[in-house]
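Visitor: Please take me slowly through one part of this model, and show me how it sits against what surrounds it.

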Amino acid sequence: MIGECHVIRKAFFDDSETGNQAEYERRHNPIWPELQDILRGHGVRNYSIFLDRETGRLFAYAEIESEGLWAKIAETEVCQRWWAHMRDLMLTNNDNSPVAIELEEVFHLD
């Protein structure tokens, strides 16, 4: 359980398609309950996405329990449906997953 083990902090950039930021935000508020359940069930906590409205760049931050559980989210039917649902609003890979640039943590203060 998070809090009882080491928390892994993930941060990454994605890009939304120009002009689709309002729709991107609408689809996330709220996200599907079944996607929320998948995320929580796979050890994701404190997940936030920030939008630079001028550039369409998205910055995401999540605290996760394990890299293994995080990777398994992509294999779920719910996640794959979500990616397909979002592909018209974001830059995506061939499997509909968002093109993401992972960031490396270089400083943290509790």
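Guide: A residue is called buried when its relative accessible area is under 20% and exposed when it is over 50%, with partly exposed in between (1.4 Å probe, protein chains only). The model is a predicted one, in which local features need pLDDT of at least 70 and side-chain atom pairs count only at pLDDT 80 or more, while totals for chains, interfaces and linings use all residues. Residues are numbered from 1 along each chain as its sequence is written, and side-chain values use heavy atoms, with hydrogens and water left out.

The part to look at is α4, which runs over residues 77–86 (helices are DSSP runs of H or I with at least four residues, strands are runs of E with at least two, and both are numbered from the N terminus). Its buried residues are V78, C79, W82, W83 and M86. Viewed down the axis of α4, these residues fall within an arc of 135 degrees (taken from the directions from the helix axis to the C-beta atoms), so they line one face of the helix. This buried set packs against α1, α2 and α3.

Of these partners, α1 (21–28) repays a closer look, with Q21, Y24, R27 and H28 as its buried residues. Down its own axis they lie within an arc of 125 degrees, so α1 too has its buried residues along one face. On the face turned away from that side, α1 carries the exposed residues A22 and R26. The cover over the buried residues of α1 includes α4, together with β2 and β3 (57–64).

One residue ties the two helices together in detail: H28, which belongs to α1, is buried with a relative accessible area of 18%. Apart from neighbours within four places in sequence, H28 is in contact (heavy atoms within 4.5 Å) with I49, W82 and M86, and W82 and M86 are among the buried residues of α4.

Both helices also reach the largest pocket (on a 1 Å grid over the protein atoms alone, an open set of points for a 1.4 Å probe with protein on both sides within 12 Å along at least five of seven lines, its lining residues having an atom within 4 Å of a point). Here α1 and α4, like β1, α2, β2 and α3, each supply at least two lining residues, although β2 gives the most, with eight. The whole lining has 35 residues, of which F12, L39, Y47, I49 and W70 lie nearest the pocket's centre. I49 is thus a residue met twice, since it is also in contact with H28 of α1.
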